[in-house]
Amino acid sequence: MKKNGDEHKKQNGDPSGKKKNGNLLNEAEKKANQIRIFLDDEEEPIISYKPPVRFELDTTQLPDGKHKLLIEATDAVGTVGTRTVHFEVRNGPGIGIEGLQDDDILDGKVPVLVNAYGGASEPYWEPSRAETPSPIPTWAWVLLLAIVGWSMVYVAQQWYPTGEFADSPTYSFYSKEGLNLTEESSGSSGSPAKMGATLYRTSCSSCHQTNGEGLAGAFPPLAGNEVVTADDPTNHIQVVLWGLEGKTIDGVDYAAAMPGWSEQLSDEEVAAIINHERTSWGNDAATITAEDVSEVRAKGPVDNETLKEQL
Ligand code: HEC
């Protein structure tokens with residue numbers, strides 16, 4: 001900067017040529033190739049140097065509030081370009097207001113909390129003063145509730161394993177047999193009774209358990225169950241084919257849904273499972289045939305509401 005200043009002087013004092021044009025030229029020459037910076041509306045520039053100009057703007061000398069810098073640059077032939085920069089100085093302490101906002105409509109007594117902190121002239125920062133005590137805003141509560149709600153829905157959804165997933169190790173702990181299913185799980189061979197037992201174990205026991213007792217509060221017992229022991233097997237077949245959701249069974253609401261099996265199981269397989277349920281765990285109800293299943297299947301899906309009313 002010093003150097004710039006020196007050059008500036010040298011130019012002014014340049015004895016060569018142009019001087020004879022007198023003061024006017026001198027004045028123009030003085031401004032040529034210069035940057036002059038004016039603060040606010042002052043007449044005198046705070047800085048007048050050859051570019052580039054680097055300087056320190058000491059805002060502590062300025063009152064808090066809006067200010068502007070006017071930059072005026074003159075090129076070698078005297079053309080002037082200007083640029084204005086607006087800025088705001090805030091050296092005083094920050095002010096926090098709780099309980100009152102711009103344009104609020106008020107009545108009665110309104111508790112207002114005002115705090116002030118910081119400030120450029122304060123040598124030590126006192127963090128405790130920066131914290132204006134304020135209540136947790138409503139949106140934070142809403143967000144929290146939304147997250148909690150979403151996670152509950154997510155967890156609830158994990159109770160709905162699909163047929164094939166229900167057999168996976170993830171859900172195997174619902175089954176007392178655990179992973180020992182494999183040796184028989186390949187399915188529909190052997191006598192119908194054996195097939196029923198096997199299919200029940202692979203498709204149903206993960207929820208209703210091998211002993212038909214279900215899991216208290218999560219999956220209903222099939223031992224002694226009204227639908228399973230009813231003389232008319234129609235509802236039993238319908239539930240197994242089309243699934244069931246939201247029915248209160250023996251005074252218990254089940255959050256999970258019973259998946260429908262119409263896609264995975266043939267009429268024969270459904271009949272075998274149903275017969276297994278009807279003749280196991282102390283159940284002693286009339287058995288059915290694959291034709292019974294096929295008749296119910298042919299009538300098409302029964303929607304859940306109708307099914308719930310029937311049962
Ligand atoms: C994912 C777990 C799950 C699997 C697997 C499952 N069920 Fe269910 N089942 C349920 C739930 C939960 C209910 C109760 C639904 C309700 O309350 O609306 C239920 C209800 C039933 C009912 C009706 C009980 C009543 O009183 O209305 C029968 C019958 C039944 N299941 C048989 C089966 C058969 C057969 C299989 C295998 C082919 C099977 N379930 C597989 C969860 C399951």
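Q: How many helices and strands are there in the chain, and what makes a run of residues count as one or the other?
A: The chain holds 12 helices and 8 strands. Each is a DSSP run, of H or I over at least four residues for a helix and of E over at least two for a strand, numbered from the N terminus. The model is a predicted one, in which local features need pLDDT of at least 70 and side-chain atom pairs count only at pLDDT 80 or more, while totals for chains, interfaces and linings use all residues. Residue numbers start from 1 along each chain as its sequence is written.

Q: What share of the residues of the chain count as buried?
A: Of its 311 residues, 18% are buried. The term requires 20 or more other C-beta atoms within 10 Å of the residue's own; 12 or fewer make a residue exposed, and values in between partly exposed, with C-beta atoms placed from the backbone.

Q: Why is Q209 called buried or exposed?
A: Q209 has 20 C-beta neighbours inside 10 Å and therefore counts as buried. Its place is in the loop between α7 and α8, and its phi is near 70 degrees, a positive value in a residue other than glycine.

Q: Why is D40 called buried or exposed?
A: D40 has 11 C-beta neighbours inside 10 Å, so it counts as exposed. This residue lies in the loop between β1 and β2. The phi of D40 is also positive, near 50 degrees, although the residue is not glycine.

Q: In what order do the strands of the open sheet follow one another, and what makes two strands a pair?
A: The order is β2-β1-β3-β4, with antiparallel pairing among these 4 strands. Two strands pair if DSSP finds at least two bridges between them. β1 (residues 34-39) and β2 are joined by 3 bridges, β1 and β3 by 6, and β3 and β4 by 10.

Q: Which residues are bridge partners in these strands?
A: I37 has I47 in β2 as its partner, while F38 has L70 in β3. E72 stands opposite T82 in β4.

Q: What makes a strand of this sheet an edge strand, and which are they?
A: An edge strand pairs on one side only, as do β2 (47-49) and β4 (80-89). From one strand to the next, the twist averages 15 degrees.

Q: What is the phi of G78, and where does G78 lie?
A: G78 takes a positive phi near 95 degrees in the hairpin of β3 and β4, which has 5 residues between the strands.

Q: Which peptide bond is cis, and what is its omega?
A: The bond joining P51 and P52 is cis, with omega about -5 degrees. P52 is in the loop between β2 and β3 (65-74).

Q: How do you know the orientation of α7 relative to α10?
A: Their axes cross at roughly 90 degrees and come within 7 Å. Angles of 65 to 115 degrees count as roughly perpendicular, whereas those under 35 are roughly parallel, those over 145 roughly antiparallel and the rest oblique. The crossing therefore makes α7 roughly perpendicular to α10. The axes are lines fitted to C-alpha atoms over the stretch in contact, and angles run from 0 to 180 degrees between N-to-C directions.

Q: Which residues of α7 and α10 meet?
A: From α7 come P192, M195, G196, A197, L199, Y200, S203 and C204, and from α10 come E269, A272, I273, N275, H276 and E277. Contact requires C-beta atoms, placed from the backbone, within 7 Å of each other. The residues of this contact divide into 8 nonpolar, 4 polar and 2 charged. Ala, Val, Leu, Ile, Met, Phe, Trp, Tyr, Cys and Pro count as nonpolar, Asp, Glu, Lys and Arg as charged, and the others, Gly among them, as polar.

Q: How many residues surround the ligand, and what makes a residue count as near it?
A: The shell has 31 residues, of which C204, C207, K247, Y254 and M258 are the closest. A residue is near a molecule or strand if its C-beta atom, placed from the backbone, lies within 6 Å of it. Elements giving two or more residues to the shell are α7 (192-208), α8 (226-229), α9 (234-242) and α10 (267-279). α7 gives the most, with 5 residues. By class, the shell around the ligand divides into 21 nonpolar, 6 polar and 4 charged residues.

Q: Why is G246 called buried or exposed?
A: G246 counts as exposed because it has 11 C-beta neighbours inside 10 Å. G246 is in the loop between α9 and β7 (248-249). G246 and E305 are 59 residues apart in sequence and 9.2 Å apart in space, C-alpha to C-alpha.

Terms used. Two residues are in contact if their C-beta atoms, placed from the backbone, lie within 7 Å.
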